[in-house]
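Welcome to this guided tour. Open your viewer, have the selection tool ready, and follow along stop by stop.

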Amino acid sequence: MKALLIENNNNVYQTELKEFDDSLLPEGNVMVEVEYSGLNYKDALAITGKSPVVRQFPMVPGIDFAGKVIQSDSDKFKEGDTVVLNGWGVGERHWGGLGQRARVNADWLIPLPSAFTTRQAMAIGTAGYTAMLCVLELEKHGVKPDDGEILVTGAAGGVGSVAIALLAKLGYQVMALTGRPSEADYLKSLGAQGIIDRSEMSEPSRPLGKERWAGVIDVVGSHVLANACATTKYGGIVAACGLAGGMDLPGSVAPFILRGVKLAGVDSVMCPYEKRLEAWTRLATDLDLELLESLTTDIQLEDAIEKSKALLAGEIRGRLVVKTS
Ligand code: NDP
């Protein structure tokens, strides 16, 4: 089989496409023929070594994949089943999806909803599934389309693009925050009603600003997240899932204690099984597949290293799907 392999020998970090025998795959009770994987922000960090995402070496990166079961010692899956995997430390501690086969624990797999092909599943990928988890947080908090504008940050990236498409289809009025004004037409085609330049929310935040957002989905962190909290309306919610602009949160408690704003953290990696199922089931009904196609770019396993650098530089629009075979 072919896979990307990350090695770290005496602090020399290297990622290469390699051929090796299936027998080297880690332990697990289900073997999957990976058809597609996604190239996510975390994969790009792992592949380039820019952040300590990989916990043991050598490592096959790839935090998500979709494919067919080719061997199973579990009652949960049988040969031929189509499955999807997101997270659980795969691609970080356990060999992941950026290869032609993966051996994993059955508990980490979800039967792929019949609405999707394996390629569409990875066009959604961990970014899209996380976008759905964020939308579920807004809904759980009771945010309704009539409550006002929803801000989506890092809008032209993977999580942002899918979040806009989902929210717009559900009837919300979406404002897209981007550092790439050249992507305005693309963001509007996904359903954004307006564009906000990232620079407007990148400066250090005041404790409170003019109330504007009924809800926020933030992938950027740092000043953008602090400004988003400070400008969320009384009783609104900010779903925070990312750190593309920084891991810090340089804000004040004022929005929480004076306006009852809720800050909801969203994690896709260790998210419980039932919630994952709910997210994938909702994606099957609430994501417009034509829009999904419009935000998807296909690449080959061979391209993943170069594209990782572009992704971290904020140059990729939407989602990258990796054909593994
Ligand atoms: P992408 O690279 O596809 O998108 C990130 C977007 O953030 C970019 O397109 C850009 O949007 C914006 N951005 C990039 N760099 C900066 C910067 N320096 N300052 C401000 N904005 C920036 O990544 P994903 O959408 O896949 O992931 C986004 C974030 O969410 C990442 O931090 C990732 O780790 C996190 N994530 C977390 C998950 C979880 O479980 N909590 C799961 C999935 C992702 P634009 O050009 O429009 O401004």
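Before we start, one definition will help: two axes count as roughly perpendicular when the angle between them is 65 to 115 degrees. Keep in mind too that what you see is a predicted model.

**Stop 1: the whole chain**

Show the chain as a cartoon. Its secondary structure comes to 9 helices and 15 strands. The C-alpha atoms fill a box of roughly 60 × 45 × 35 Å along the principal axes. Does the radius of gyration suit a compact globule, or what would one expect? For 325 residues, a compact globule would have a radius of gyration near 20 Å, and the chain agrees with this, having 19 Å.

**Stop 2: two domains**

Now color residues 2-112 together with 295-323 as domain 1, and residues 126-265 as domain 2, following the domain assignment. The C-alpha centres of these two domains lie 29 Å apart. Where they touch, 12 residues of domain 1 are in contact with 11 residues of domain 2. On the domain 1 side of that contact you will find 3 nonpolar, 6 polar and 3 charged residues.

**Stop 3: the ligand**

Select the ligand and the residues around it. Which residues come nearest? Out of 31 around the ligand, they are Gly154, Gly157, Thr178, Gly242 and Gly245. Helix 1 (41-48), helix 2 (118-140) and helix 3 (158-169) each give two or more residues to this shell. Both domains take part: domain 1 and domain 2 each supply at least three residues. Sorted by class, the shell has 14 nonpolar, 13 polar and 4 charged residues.

**Stop 4: a pair of crossing helices**

Keep helix 2 on screen and add helix 7, residues 273-286. Their axes come within 9 Å and cross at roughly 95°. Helix 2 and helix 7 are therefore roughly perpendicular to each other. To see the contact, show side chains for Ile124, Gly128, Tyr129, Met132, Leu133 and Leu136 in helix 2, which meet Glu278, Ala279, Trp280, Arg282 and Leu283 in helix 7. By class, this contact has 8 nonpolar, 1 polar and 2 charged residues.

**Stop 5: two backbone details**

Finally, zoom in on the backbone. Most residues other than glycine have a negative phi, and most peptide bonds are trans. Here are two places to look with that in mind.

- Go to proline 58, in the loop between helix 1 and strand 4 (64-72). A cis peptide bond joins phenylalanine 57 to proline 58, with omega about -10°.
- Then select tryptophan 88, in the loop between strand 5 (82-86) and strand 6 (101-104). Tryptophan 88 is not a glycine, yet its phi is positive, near 60°.

Key: Residues are numbered from 1 along each chain as its sequence is written. This is a predicted model: local features need pLDDT of at least 70, side-chain atom pairs count only at pLDDT 80 or more; totals for chains, interfaces and linings use all residues. A residue is near a molecule or strand if its C-beta atom, placed from the backbone, lies within 6 Å of it. Helices (H or I, at least four residues) and strands (E, at least two) are DSSP runs, numbered from the N terminus. Ala, Val, Leu, Ile, Met, Phe, Trp, Tyr, Cys and Pro count as nonpolar, Asp, Glu, Lys and Arg as charged, and the others, Gly among them, as polar. Domain bounds come from an automatic or database domain assignment. Axes are lines fitted to C-alpha atoms, for helices over the stretch in contact, and angles run from 0 to 180 degrees between N-to-C directions. Angles under 35 degrees count as roughly parallel, over 145 as roughly antiparallel, 65 to 115 as roughly perpendicular and the rest as oblique. Two residues are in contact if their C-beta atoms, placed from the backbone, lie within 7 Å. The radius of gyration is taken over C-alpha atoms; the globule rule is 2.2 Å times the number of residues to the power 0.38.
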